[in-house]
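User: I should like to learn how to read the features of a protein model. Please take them one at a time, with the general idea before the case.

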Amino acid sequence: MSLLSALEERILIGDGAMGTLLYSYGVDRCFEELNLTHEEQITRIHRSYIEAGSDLIQTNTYGANYIKLARYGLEDQVKKINTKAVELARKAAKKDTFVLGTIGGIHGAQALNDTKEEIKRSFREQLYCLLLEGVDGLILETYYNLDELLTVLEIAREETTIPIITNVSMHVPGILENGIQLKDALQRLEDTGSSIVGVNCHLGPFHMLQSLKDVPLSDKTFLAAYPNASLPAYHEGKLVYENKPDYFTRCAEDFRNEGVRLLGGCCGTTPEHIKGLAQGVRNLKPLTEKKIIRKPSPIEVTRNQTTKETPLVDIVKKRHSIIVELDAPKHLQTDAYMEGVKALKKAGVDAITLADNSLASPRISNIAIAEKIKQEVGLRPLVHLTCRDRNLIGLQSHLMGLDTLGIHEILAITGDPTKIGDFPGATSVFDVTSFDLIKLIKQFNKGLSFSGNSLRRKTSFKVGAAFNPNVAHLDKAVKRMEKKISYGADYFLTQPIFNKEQIIQLHEATAHIQTPIYIGIMPLTSTRNAEFLHNEVPGIKLNHNVRDRMRFVSNDRDKSIEQGISIAKELIDVSLRYFHGIYLITPFARYDMIIRLIEYIQEKVPKSNFEEVLSATPHSL
């Protein structure tokens, strides 16, 4: 009898977690590699689930793809690991046990850098390995990203007619991370060719049952559920799942009452949990009709907060614009800093930009300084937000805090690695990339958190992005710029540029791009400053001419300052010819130097040009 025929007649029991048991045995390595090195251990786990009541078992291949195996240096073992996994499952299986080839999501709960094409190639390789071994079906599980799952489902369905189970995972009950309702996601999977649709991982029985309440039964597909044992606790250095198997026995009938026909377990579940599920549905027939209980309408998302400020992106599209980076102090004395901010406002800047612990060195929180600037000086803050210091939870909390304070301009950047800063023992987080951070901020503008949960109000963020033109291949950097635009970047700030020809090259390379660009200009203070920037700061390069000019006046501090300002003015001259935006970076809190450059810009560009709408393209004159 085929898998689908069996599901027509009765509720089938899947297996539980493979990794949980291996972890409990003290295994802390690539679980899929154990197919080759610990065959008996894997086979014994399969048999223990079958003896507990599993009608089908999954191959130990969740992460047996090129991308994930490469983390362990096993990328050349994809075929061998997948082939052996099917062999071991077949060895353990009884005559009537179905063997499913397991393929896990690449992204998981955390966004990665892998492109869609890389994911496709990795998926195809693993898929072909499993199909060649004649599995009874495929299970695509733990996909938080619906687009990724739809992509791989389309590929799989083109290659085979065997049953395909597609299980999505949710951070919050009933909603996927992009805000789509579970019932709608499962319908899209059915329409794309899935035989069995369902949910697995992250949620325990209680919340998974809540998620399934408004999922209707379908004439074309069956419904699956693989809940976690519970929320994990951390005990004596290990993750522990604490609920008891008899709880699963009590929940089994509830899953049947929601229409589930394939019931198994995910993280934390053991053969005892599976035995509990089997006992719970014993003698129960599958549900053929289900009454949907209409849930209250989702909380309405209100419109964005109104703000009187014209966004920077709109300003720089219409006229020349000057923003200044003046980093928060590394100490708690702020009086001199605030005097500098007041002087810059008086000089006529459009915004103060605040780095987020630049060069991985701690400063006063930029959100605190931003609020102080906003309230005490009345000047717009542009807050930098790095992926380095905060995990996905912290980033979202930070964004909600910024919106609550009415701070709407953000520069989304990756951040310098902690090893280059004052505390090399500190760790970098990097839950997301700068691309993903831009996308997350734009999702907040739709009123949705990363998990798809309603924020109950849309934010009004405008997102700046970093651009580094100091690279060997400018065309590749421009492609990254285009990718950031596709993710939602509204404008760009460049790394400091110290070469006039480079500004012209940047103009030519981005002539097709309508998104505004602020050209970064940083006045040098000394030859030591120049050499440090050139040799030790990532993303900054100075040409020989600039370094020689600074070296020529190295014995005179005042002349060094004047030379630095002179070089900056020359760069400003070229920048104003091609771009609307000037991004002045303050060296060593020397805002007096920056004020001189602002005055120079205002002399070069009449005040009317700062107010009139220009007829040129957004960044080129």
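Analyst: Let us begin with the sheet. Strands (E, at least two residues) and helices (H or I, at least four residues) are DSSP runs, numbered from the N terminus, and two strands pair if DSSP finds at least two bridges between them. Here an open sheet of eight strands, paired in parallel, has the order E1-E10-E7-E6-E5-E4-E3-E2. E1 and strand E2 (56–58) stand at the edges with a single partner strand each, so one side of each is left without a neighbour in the sheet. This is a predicted model, in which local features need pLDDT of at least 70 and side-chain atom pairs count only at pLDDT 80 or more, while totals for chains, interfaces and linings use all residues. Residues are numbered from 1 along each chain as its sequence is written, and side-chain values use heavy atoms, with hydrogens and water left out.

User: Which residues stand opposite each other where E10 meets E1 and E7?

Analyst: Strand E1 (residues 12–13) pairs with strand E10 (residues 260–263) in the parallel sense over two bridges, and Leu-12 stands opposite Leu-262 in E10. Strand E7 (residues 222–226) also runs parallel to E10, joined to it by three bridges; there Leu-223 has Val-260 of E10 as its bridge partner.

User: How many bridges join E3 to E4?

Analyst: Strand E3 (residues 98–104) and strand E4 (residues 137–143) run parallel and are joined by five bridges. One of the residues involved is Leu-100, whose bridge partner in E4 is Gly-137.

User: How should I read a helix that packs on one side, and which residues of H10 are buried?

Analyst: An α-helix has 3.6 residues a turn, so residues three or four places apart point the same way. Buried means under 20% relative accessible area, exposed over 50% and partly exposed in between, with a 1.4 Å probe and protein chains only. In helix H10 (residues 205–212), the buried residues are Pro-205, Met-208, Leu-209, Ser-211 and Leu-212. Seen down the axis of H10, they fall within an arc of 160 degrees (taken from the directions from the helix axis to the C-beta atoms), so they line one face of the helix. These buried residues pack against helix H9 (182–192), strand E6 (196–200), E7, helix H11 (245–257) and E10.

User: Which residues of H21 are buried, and which are exposed?

Analyst: Val-546, Arg-547, Arg-549 and Met-550 are buried in helix H21 (residues 544–552). They cover an arc of only 160 degrees around the axis, which puts them on the same side of H21. His-544 and Phe-552 are exposed on the other side of H21. The cover over the buried residues includes helix H20 (527–536) and helix H22 (557–578).

User: How is an aromatic pair recognised, and how many does the structure hold?

Analyst: Rings of Phe, Tyr and Trp (its six-membered ring) pair if their centres lie within 6.5 Å; planes under 30 degrees apart count as stacked, over 60 as edge-to-face and the rest as tilted. The structure holds two aromatic pairs. One of them joins Tyr-491 and Tyr-518 edge-to-face, at 6.0 Å centre to centre with 65 degrees between the planes. This pair links distant parts of the chain, since Tyr-491 is in strand E16 (residues 491–496) and Tyr-518 in strand E17 (residues 517–521), 27 residues apart. Both Tyr-491 and Tyr-518 are buried.

User: How many disulfides are found, and are Cys-266 and Cys-387 buried or exposed?

Analyst: A disulfide is a pair of cysteine sulfur atoms within 2.5 Å, and a search of the whole structure finds zero. Cys-266 is in no disulfide; its nearest cysteine sulfur, that of Cys-201, is 3.9 Å away. Cys-266 counts as buried at 10% relative accessibility, and Cys-387 is buried with a relative accessible area of 0%.

User: What should I look for in the backbone angle phi?

Analyst: Most residues other than glycine have a negative phi, and most peptide bonds are trans. Asn-283 has a positive phi, near 75 degrees, and lies in the loop between helix H12 (271–281) and helix H13 (312–318). At 79% relative accessibility, Asn-283 counts as exposed. Ala-589 has a positive phi of about 65 degrees; this residue is found in the loop between strand E18 (581–585) and helix H23 (591–604) and counts as exposed at 52% relative accessibility.

User: How many helices and strands does the protein have?

Analyst: The protein has 23 helices and 18 strands, and buried residues make up 56% of its 621 residues.

Methods. Contact means heavy atoms within 4.5 Å.
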